[in-house]
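Hi everyone, thanks for making time. I'd like to walk you through a structure that may be new to most of you, so let's put it up on the screen.

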Amino acid sequence: MEQPNKPYGFPAREILIPALKVGALSGTTGILYGSVAGVLRSAHPILFAVAAGIQWSALGSTFWATRATILHTYYPSPSQKDRLTASTFAGGITGGTIGGLFRGPRNVIPGTIMFTLFGYIGQTVYDALDARHTAQVASEAQAAAEGKKADRKRFWEWFAEMKWSPLTVLSDEDYGNMLKEKLLRVEAEIALVDEEVDRLRREERRMEERQGKEPSKSTT
């Protein structure tokens, strides 16, 4: 007789396969990073790249598996706050575990602290980007329903509008004014250079005239 599926059973396939995919992706990134860093910092760049790939793969797969397990176990219908909590705890668990495994017991606490912050910040940034994308899609859908063409913003435009973004968006008019100001500064610098050249030429002419007026010394 078959047992009914438990609503909170551990779905190994749904958790492990995505975790392995994330691990493969992060491991590839680690190899690329390790290749560059190994050439700059190590006498054995190939070994450095392989080691970095293994560590990054372990970090990615462990983080994703831990996060998915927390969400499945405690948050069957996760909210944004639940995902933030799961990512934060998964980051801390991953950092402490992998840090202690690869770098020794002394790195458990620093790894836990750092990857807790990474998990929290990464999920926060992702939620902000996802919310902005969702709002953009809703705006386009509303504009399509009203028969209007949505003003679709490019990635850098809505990224620059975020409070913490160091970028600013310039309109065509603002950009034109900025170019005019730069052109005026260049023209002013050219004018100063021309004045300096004219002054040097006048000085040169005066010196030539002065030398021409001096009487030549006669030899006895």
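I'll start with confidence, then go through helix 1, the aromatic rings and the salt bridges.

Okay, first thing to keep in mind: this is a predicted model. How confident is the predictor? The mean pLDDT of the protein chain is 80, and 78% of its residues reach 70 or more. Which elements sit at the two ends of that scale? Helix 3, residues 80-103, has the highest mean pLDDT, at 92, while helix 5, residues 155-160, has the lowest, at 58. And please go easy on the start of the chain: over residues 1-8 the pLDDT stays under 50, and for that stretch the model has four contacts beyond four places in sequence.

Now, helix 1. Have a look at which residues are tucked away there. The buried ones are I15, A19, G23, S26, G27, G30, G34, A37 and G38. So what covers them? Part of the answer is helix 2, which is included in the cover over those buried residues.

Those two helices come up again with the rings. How many aromatic pairs are there? The count comes to two. One of them is Y33 with W56, a stacked pair, with 5.4 Å from centre to centre and 25 degrees between the planes. Y33 belongs to helix 1, residues 12-41, and W56 to helix 2, residues 45-74, so this pair ties together parts that are 23 residues apart in sequence. Are these two buried or exposed? Somewhere in between, actually: Y33 is partly exposed at 40% relative accessibility, and W56 is partly exposed as well, at 32%.

The other pair is F115 with F118, and here the planes are at 80 degrees, with the ring centres 5.3 Å apart, so we call it edge-to-face. Where is it? Both residues lie in helix 4, residues 108-145, three residues apart, which is about one turn of the helix. That spacing fits a general point: an α-helix has 3.6 residues a turn, so residues three or four places apart point the same way. As for exposure, F115 has a relative accessible area of 27% and is partly exposed; F118 is partly exposed too, at 46%.

While we're on rings, find W64. R67 lies over the face of W64, at 5.4 Å from the ring centre.

Last topic, charges. Side chains of opposite charge can pair when their charged atoms come close. How many salt bridges does a search of the whole structure find? Two. In one, R199 pairs with E196, and the closest N and O atoms are 2.5 Å apart. Both residues are in helix 6, residues 172-213, three residues apart, again about one turn of the helix. R199 is partly exposed, with a relative accessible area of 35%, and E196 is partly exposed with 37%.

In the other, R206 forms a salt bridge with E203, with 2.4 Å between the closest N and O atoms. R206 and E203 are three residues apart in helix 6, so about one helical turn separates them. Here too both partners are partly exposed: R206 at 39% and E203 at 31%.

If you want one picture to take away, try Y33 and W56: a stacked pair with one ring in helix 1 and the other in helix 2. Thanks, everyone!

Technical notes
Residues are numbered from 1 along each chain as its sequence is written. Side-chain values use heavy atoms; hydrogens and water are left out. Rings of Phe, Tyr and Trp (its six-membered ring) pair if their centres lie within 6.5 Å; planes under 30 degrees apart count as stacked, over 60 as edge-to-face and the rest as tilted. Helices (H or I, at least four residues) and strands (E, at least two) are DSSP runs, numbered from the N terminus. Buried means under 20% relative accessible area, exposed over 50%, partly exposed in between (1.4 Å probe, protein chains only). A charge sits over a ring if NZ of Lys or CZ of Arg is within 6 Å of the ring centre and within 35 degrees of the ring normal. pLDDT is the predictor's confidence in each residue, from 0 to 100. Contact means heavy atoms within 4.5 Å. A salt bridge is a side-chain nitrogen of Lys or Arg within 4 Å of a carboxyl oxygen of Asp or Glu.
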